[in-house]
Amino acid sequence: MKKKIIWIVAVLLVFALALAAYWTFLGPKANEGEKKVTIRVIVEKEGINKSFEYDTDLDFLGQLINEKKEELAAEISDMGGSFVKGMAGYVADESKNEFFSIKINDVDAMVGIDEIPLTDEDTYTFELTTW
Amino acid sequence: MVGKMKVKDIVLIGILSASLTAGKLALSFIPNVEIVTLLFIVFTLSLGIRRGLLIAIVFATTEILIYGFSTWVLLYYFIWPLLVVITGLLGKLIKSEYGYAILAAIFGLCFGLFAAINESIFYGLAYGLVYWTKGLVFDLVHGVSNFIIVLLLFKPLNKFISKQISSFLMEQ
């Protein structure tokens, strides 16, 4: 059993090192300083097309949405990372295969809101879509 | 005799597939920590590749019935049978639980890579690459947890399961 504990401790140490390397080299990089950004919400079937402008020094989109949750009428669920379920008071209906797509300056985002760094003058669009 | 064996096979495959589903659900609240890998290794060593493959197919199909049809379906019909085949082939070479723990760790670490390859078939290589790199932390957790779980539980579970299966198959 002692040998196994030594192995487990060794593996956990390697894990910690690998995790540190990941966050150093592959983790999301924040843009520091004050930024002026726009969050746009489109729910065509409800006639919703709203824009919200913010001056912020926060690092990531997820932080901003959480801070302005009430104003954005956003509903966020934690699924191992923040997941936008609702915006502008409309909650995506999963039974109808609805979800909010995220675009950064009209280009599809490849990651979730927690990993999207806020960049000055960028527009983040949340549009209700179906898959 | 052949008929009886076939019935026993069906019963075994059903029960063991159900235990995989139950095992997966039991730990589903912890992301990427699972005992499915351990159970597949143990089942394959006790029952061989052919029955192991059937268990993997029933398990993957049950997952579809629970979670619905999506891109991961293709992955599940490939990755669990792959583990069964690798375990079956390496079973004669690996002599201790350390070997199986290393096999389970490699399997966990590579799981995201196979999932990314699967996703890139549907959404393109760029998406697959992002999918893989963004899931690397989960792969690390998967690999490390697989290593620890198999290292600690393989020996007692393998002893228990192989004994139970042997006595079940020997019964008239």
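**Figure 1. Strands β1 and β2 of chain A pair up in the antiparallel sense, with 9 bridges between them.** This close-up, like the others here, comes from a predicted model. Strand β1(A) covers residues 35-43, and β2(A) covers residues 48-56. To find your way along the pair, look for A:Ile39, whose bridge partner in β2(A) is A:Phe52. The hairpin leaves 4 residues between the two strands, and A:Gly47 takes a positive phi near 70° there.

**Figure 2. On to the pairing of β1(A) with β8(A), which is parallel.** Strand β8 of chain A spans residues 123-130, and 5 bridges join it to β1(A). One bridge to pick out is that of A:Arg40, which has A:Thr125 as its partner in β8(A). Of the 9 residues in β1(A), 7 are buried, so the rest of the structure largely encloses this strand.

**Figure 3. Three strands of chain A make an open sheet in the order β3-β4-β5.** The pairing here is antiparallel. Strands β3 (75-78) and β5 of chain A sit at the edges with a single partner strand each, so each has one side without a neighbour in the sheet. Strand β4(A), residues 82-87, joins β5(A) through 2 bridges in the antiparallel sense. A:Gly86 is a handy landmark, as its bridge partner in β5(A) is A:Val91.

**Figure 4. Two asparagines, A:Asn97 and B:Asn32, have a positive phi.** Most residues other than glycine have a negative phi. A:Asn97 goes the other way, with a positive phi of about 60°. You'll find A:Asn97 in the loop between β5 (90-91) and β6 (98-104) of chain A. Its relative accessibility is 29%, so A:Asn97 counts as partly exposed. Over in chain B, the phi of B:Asn32 is positive too, at about 65°. B:Asn32 belongs to the loop between α1 (2-26) and α2 of chain B, and with 29% relative accessibility B:Asn32 counts as partly exposed.

**Figure 5. Helix α1 of chain A packs against helix α6 of chain B.** Their axes come within 10 Å and cross at roughly 180°, so α1(A) and α6(B) are roughly antiparallel to each other. Helix α1(A) runs over residues 2-25, and α6(B) over residues 136-170. The α1(A) side of the contact includes A:Trp7, A:Val11, A:Phe15, A:Leu19 and A:Tyr22. Among the α6(B) residues that meet this helix are B:Leu140, B:Val144, B:Phe147 and B:Leu151.

**Figure 6. Helix α6(B) also meets α5(B), this time at an angle of roughly 50°.** The axes of α5(B), residues 125-134, and α6(B) come within 4 Å. At that crossing angle, the two helices are therefore oblique to each other. On the α5(B) side, B:Trp132, B:Thr133 and B:Lys134 make the contact. They meet B:Leu136, B:Phe138 and B:Asp139 in α6(B).

**Figure 7. An aromatic cluster in chain B takes in B:Phe59 and B:Tyr76.** The structure holds 17 aromatic pairs over all chains. The rings of B:Phe59 and B:Tyr76 have their centres 6.2 Å apart and their planes at 20°, so this pair is stacked. B:Phe59 is in helix α2 (residues 36-67) of chain B and B:Tyr76 in helix α3 (residues 72-90), so the pair links distant parts of the chain, 17 residues apart. Both rings belong to buried residues: B:Phe59 has a relative accessibility of 0%, and B:Tyr76 has a relative accessible area of 10%. Ring pairs also bring B:Phe40, B:Trp72, B:Trp80, B:Phe107 and B:Phe111 into the cluster.

**Figure 8. B:Ser19, from helix α1 of chain B, is 9.2 Å from B:Phe59, C-alpha to C-alpha.** In sequence, these two residues are 40 residues apart. B:Ser19 is partly exposed, with a relative accessible area of 27%. Leaving aside residues up to four places away in sequence, B:Ser19 touches B:Leu39 and B:Phe43.

**Figure 9. Two lysines sit over aromatic rings, A:Lys3 at B:Tyr98 and B:Lys8 at B:Phe168.** A:Lys3 lies over the face of B:Tyr98, 4.5 Å from the ring centre. For B:Lys8, the charged end is 5.5 Å from the centre of the B:Phe168 ring.

Definitions and conventions:
Residues numbered from 1 in each chain as written. Chains lettered and ligands numbered in written order. Predicted model: local features only at pLDDT ≥ 70, side-chain atom pairs only at ≥ 80, totals over all residues. Heavy atoms only, no water. Phe/Tyr/Trp six-rings, centres within 6.5 Å; stacked < 30°, edge-to-face > 60°. Buried < 20%, exposed > 50% of the residue type's maximum accessible area, 1.4 Å probe, protein only. Lys NZ or Arg CZ within 6 Å of the ring centre and 35° of its normal. Pairing = 2+ DSSP bridges. Axes fitted to C-alpha atoms, helices over the stretch in contact; angles between N-to-C directions. Parallel < 35°, antiparallel > 145°, perpendicular 65-115°, else oblique. Contact = heavy atoms within 4.5 Å.
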